[in-house]
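This briefing sets out selected features of the structure shown below. Please read it alongside the model.

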Amino acid sequence: MRLFLPSAIFFFATQLLATASVAQSDRDTLFQVSTIDALLAGVYQPLATLDEVLTHGDFGLGTFAGLDGELILVAGDIYQAAADGTVRKMPGTAATPFISLTWFDADEQLQPPPGLDYAAFKTWLEAELPSPNLTYAVRVDGQFASIHYRSVPAQEPPYRPLKEVAKEQTYFKREKIAGTLIGFWCPSYVKGLNVPGFHLHFLSDDRASAGHLLDFSLTKGKVTLDPTTGWTLELPMDKAFLRANLGTDRAEALHAVEQGKP
Ligand SMILES: [Zn+2]
């Protein structure tokens, strides 16, 4: 148990108090369409258009209708990392079955030690988080000695569970590449709604490489955190969502899918 408030916590506490106004609260809210367990169950239907969700943030991740690749939202631009390795900017008319996003404010910057792999990075950053009970938007701008990521192929109905589909995912590896990791760290209590711990997507600086992050070797980088103190969950009134079996524990399937080892 910590008896002293580290300066980071004090910084966050003062920031949170200072920003606890109505005007700011929307910026510090994570907006989400559907739930991670619905996605795991195979609810890949178009549940919202990007134009609809972009009124709630400029930074986030998710996927596209039909599970057509990985979605990366940065600075208000949406990119699709398709399973064939192509990356393209997507129009607001494209739709999503699952997305998490927020307005990204660079509230805290951290300098990771050089040479970390993803596992060591997670341990390091979790120790730096002011509290394990908040959600953080996480941005990492870095030079990577190597990076592994994946994407998933577009599906046709009837949709299979994500763990089945992920067996057909495409793996990618790049070396000596500069890029940004975009995503979130969520507390364990979001289980079923979102991904506990880290969930990050990669987008290279040249916008030619992107996908769901599996591992990396970080040469050097800068971590920016934005704690989100609110959460807005949009539950779709689509019959695929309404009929999905969301009563089962999908933690094991989530772990396999997130790690890229279905
Ligand atoms: Zn992902």
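The points that follow are grouped by topic.

The model is predicted, and local features require pLDDT of at least 70, side-chain atom pairs count only at pLDDT 80 or more, and totals for chains, interfaces and linings use all residues. Residues are numbered from 1 along each chain as its sequence is written, and side-chain values use heavy atoms, with hydrogens and water left out. An open sheet of seven strands, a zinc ion coordinated by His 199, His 201 and His 212, one cavity of 30 Å³ or more and a pocket with about 460 Å³ of space are described in turn.

**Sheet architecture**

- The open sheet has seven strands in the order 6-5-4-3-8-1-14, with mixed pairing; strands (E, at least two residues) and helices (H or I, at least four) are DSSP runs, numbered from the N terminus.
- Strand 6 and strand 14 (230-234) are the edge strands, each pairing on one side only; two strands pair if DSSP finds at least two bridges between them.
- On average, neighbouring strands of this sheet are turned by 15° against each other, direction ignored; axes are lines fitted to C-alpha atoms, for helices over the stretch in contact, and angles run from 0 to 180 degrees between N-to-C directions.

**Strands 3 to 6**

- Strand 3 and strand 4 are antiparallel and share four bridges, with Leu 61 opposite Ile 72 in strand 4.
- Strand 4 (residues 70-74) runs antiparallel to strand 5 and is joined to it by five bridges; Val 74 has Asp 77 of strand 5 as its bridge partner.
- The hairpin of strand 4 and strand 5 has two residues between the strands, and Ala 75 in the turn has a positive phi of about 50°.
- Strand 5 is also antiparallel to strand 6 (residues 87-89), through three bridges, and Gln 80 has Arg 88 of strand 6 as its bridge partner.
- Five residues lie between strand 5 and strand 6 in their hairpin, where Gly 85 in the turn has a positive phi of about 95°.
- Strand 5 (residues 77-81) is largely enclosed by the rest of the structure, because four of its five residues are buried; buried means under 20% relative accessible area, exposed over 50%, and partly exposed in between (1.4 Å probe, protein chains only).

**Strand 8 and its neighbours**

- Strand 8 (residues 98-102) is largely enclosed by the rest of the structure, because five of its five residues are buried.
- In a regular strand the side chains alternate between the two faces of the sheet.
- Phe 98, Ser 100 and Thr 102 on one side of strand 8, and Ile 99 and Leu 101 on the other, are all buried, and both faces are thus covered.
- Strand 3 pairs with strand 8 in the antiparallel sense over five bridges, and Thr 63 stands opposite Phe 98.
- Strand 1 (residues 29-33) is joined to strand 8 by three bridges in an antiparallel arrangement; the bridge partner of Gln 32 is Ser 100.

**Zinc site**

- The zinc ion is coordinated by His 199 (NE2), His 201 (NE2) and His 212 (ND1) at 2.0 to 2.1 Å; donors are N, O and S atoms within 2.8 Å of the metal (3.2 Å for Na, K and Ca), and sites may look incomplete because water is not among the atoms.
- The sequence spacing of the donor residues is H-x1-H-x10-H.
- His 199 lies in strand 12 and His 212 in strand 13, so the pair ties together parts that are 13 residues apart in sequence.
- His 199 counts as buried at 7% relative accessibility, and His 212 is buried with a relative accessible area of 1%.

**Cavity**

- The structure holds one cavity of 30 Å³ or more; on a 1 Å grid over the protein atoms alone, a cavity is a set of points where a 1.4 Å probe fits but cannot get out, a pocket is an open set with protein on both sides within 12 Å along at least five of seven lines, and lining residues have an atom within 4 Å of a point.
- The largest cavity contains about 140 Å³ of space; grid points are joined across faces, edges and corners, and a volume is the space filled by probe spheres set on the points.
- The largest cavity is lined by 15 residues, and Leu 39, Glu 70, Arg 150, Leu 162 and His 199 are the closest to its centre.
- Helix 3, strand 3 (59-63), strand 12 and helix 8 each supply at least two residues of this lining.
- The cavity lining divides into seven nonpolar, five polar and three charged residues; Ala, Val, Leu, Ile, Met, Phe, Trp, Tyr, Cys and Pro count as nonpolar, Asp, Glu, Lys and Arg as charged, and the others, Gly among them, as polar.

**Pocket**

- The largest pocket holds about 460 Å³ of space, and Lys 122, Leu 254, His 255, Glu 258 and Gln 259 lie nearest its centre among the 25 lining residues.
- Helix 3 (36-40), helix 5 (118-128), strand 12 (197-204), strand 13 (210-228) and helix 8 (251-258) are the elements that give two or more residues to the lining of the largest pocket.
- The lining of the largest pocket has eleven nonpolar, six polar and eight charged residues.
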